[in-house]
Amino acid sequence: MDPSPPLLVCVFLFFLSSTLLINSVFAFEDETYSDCAPFPFKCGSITNITYPFLADGRRAACGHPSFYLTCENENDSPVISVSSMPFVVRDINYNTRALTLVSKDIIDADCPIPYKSPSLDTSTFLYATEDQYVNVYFKCSANLTDPDFREIPCLRDIDVEGRPGYYTLPSSPDPPSWFGKCNASTIDVLDVGLKRLQQKNSSSTFGNVVNEGFRLTWDAGDRWCNECIESGGRCGYNAEPGEISCLCPDEAHWGTCKGRSLTDRSAASGVVLINHDLKIIVFCLIWIVNLFVML
């Protein structure tokens, strides 16, 4: 029997399967790169998010897990979790890498109920230089006459027992007279709003200032992300400590599209293709040998 037909079939199978495998191996990074384009996100005033932010429908490699945004209603602002506390995102500034946040528990409240400021993971977020905080004393069992204590009239109004509430600036000492007479907390605000609140005959209320929020800055992508974008890549997230993932049209690179491969995809692909080709060759040899045995 002429062995040419089996050989031709083997050659055809070899080239066909190799082509399909090559396409499948190298399509992954292209897909990741395209998936990590600016994301068409519409939630309140926030639109089209990019690294380091994630949301439903966005690939995990496109952002940092600490920057996950949830959107309950597209007419409302998104929510982010910071130190396991929910905060409404008023604004995202990519140029300064800053978020303007308000506690979800007090958003748009005329008289914000005092909450405890989050204990920040400084590897992810930092307070912005324009932030300030105030000490808040509420449900006080007595009226405090110390001039450092500025009353928040609405806290008295919403308390069923009519107990007063006050705030003090960070520089104000805690006089011993308040101890044991009030509950205490801290609220983060913007310094500009706090200064406005202290102005004589100011129309601002404590609720106005709190609802303007405060700012956190982020370090994710600092220094390398812009370089990645300038090299033609898109910033991505790599769970491996110290690895900087720049998603490029061919594959993920370290830092920029000119950096070393993070996946060693070309080497790994070569191994996969060699193993695949050997399997086809062995299969064809066995097939041809069996044909000669049968003759």
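In which sense do strand S4 and strand S5 pair, and over how many bridges? The two strands, S4 at residues 79-82 and S5 at residues 85-93, pair in the antiparallel sense over four bridges. One residue pair in this pairing is Ser 81 with Pro 86, the latter being the bridge partner in S5. The model is a predicted one, and the report below goes through its sheet, its salt bridges, its aromatic pairs and two individual residues.

**The sheet**

Strands of a sheet pair through backbone hydrogen bonds, in either a parallel or an antiparallel way. Here S4 and S5 belong to an open sheet of six strands. The strand order is S3-S4-S5-S6-S12-S7, and the pairing is antiparallel. The edges are taken by S3 and S7. Each of these has a single partner strand, so one side of each is left without a neighbour in the sheet.

**Salt bridges**

The structure holds seven salt bridges. Three of them are listed here with the closest distance from N to O.

| Basic residue | Acidic residue | Distance, N to O |
|---|---|---|
| Arg 215 | Glu 130 | 3.2 Å |
| Arg 156 | Glu 151 | 3.0 Å |
| Arg 163 | Glu 161 | 3.7 Å |

What does the salt bridge between Glu 130 and Arg 215 tie together? Glu 130 lies in the loop between strand S7 (125-127) and strand S8 (131-138), while Arg 215 is in strand S12 (residues 214-218), so the pair ties together parts that are 85 residues apart in sequence. Glu 130 has a relative accessibility of 31% and counts as partly exposed. Arg 215, at 26%, also counts as partly exposed.

In the salt bridge of Arg 156 with Glu 151, the arginine is partly exposed at a relative accessible area of 28%. Glu 151 is partly exposed too, at 35%.

For the bridge between Arg 163 and Glu 161, the two ends fall into separate classes: Arg 163 is partly exposed at 22%, whereas Glu 161 is exposed at 58%. Both residues take part in a network of salt bridges that also includes Asp 159.

**Aromatic pairs**

A pair of aromatic rings is described by the distance of the centres and the angle of the planes. The count for this model comes to twelve aromatic pairs. One of them is formed by Phe 53 and Trp 218, whose ring centres are 5.3 Å apart and whose planes stand at 90°, so the pair is edge-to-face. This pair links distant parts of the chain, 165 residues apart. Phe 53 is in the loop between strand S2 (46-49) and strand S3 (69-70), and Trp 218 is in strand S12. Both Phe 53 and Trp 218 are buried.

Another pair consists of Tyr 167 and Phe 206, with ring centres 5.7 Å apart and planes at 25°, so this pair is stacked. Tyr 167 lies in strand S10 (residues 166-168) and Phe 206 in helix H4 (residues 206-211), so parts 39 residues apart in sequence are tied together. Tyr 167 and Phe 206 are both buried.

Phe 53 and Trp 218 also belong to a cluster linked by ring pairs, together with Phe 67, Tyr 94 and Phe 125. A ring is involved in a further way at Tyr 33, where the charged end of Arg 234 sits over the ring, 4.2 Å from its centre.

**Two loop residues: His 64 and Ser 123**

Is His 64 buried or exposed? Its relative accessibility is 17%, and the limit for buried is under 20%, so His 64 counts as buried. His 64 is in the loop between S2 and S3. A polar atom of its side chain lies 3.0 Å from the backbone nitrogen of Ser 66. Leaving aside residues up to four places away in sequence, His 64 touches Tyr 51, Pro 52, Leu 54 and Tyr 237.

Ser 123 is in the loop between strand S6 (98-103) and S7. At 55% relative accessibility, Ser 123 counts as exposed. Its side chain makes a polar contact of 2.6 Å with the side chain of Asp 121. Ser 123 and Ala 220 are 97 residues apart in sequence, and their C-alpha atoms are 8.6 Å apart in space.

Conventions: Residues are numbered from 1 along each chain as its sequence is written. This is a predicted model: local features need pLDDT of at least 70, side-chain atom pairs count only at pLDDT 80 or more; totals for chains, interfaces and linings use all residues. Side-chain values use heavy atoms; hydrogens and water are left out. A salt bridge is a side-chain nitrogen of Lys or Arg within 4 Å of a carboxyl oxygen of Asp or Glu. Buried means under 20% relative accessible area, exposed over 50%, partly exposed in between (1.4 Å probe, protein chains only). A polar contact is a pair of N or O atoms within 3.5 Å; within protein, one must be able to donate a hydrogen and the other to accept it, and residues adjacent in sequence count only if both atoms are side-chain atoms. Rings of Phe, Tyr and Trp (its six-membered ring) pair if their centres lie within 6.5 Å; planes under 30 degrees apart count as stacked, over 60 as edge-to-face and the rest as tilted. A charge sits over a ring if NZ of Lys or CZ of Arg is within 6 Å of the ring centre and within 35 degrees of the ring normal. Two strands pair if DSSP finds at least two bridges between them. Contact means heavy atoms within 4.5 Å.
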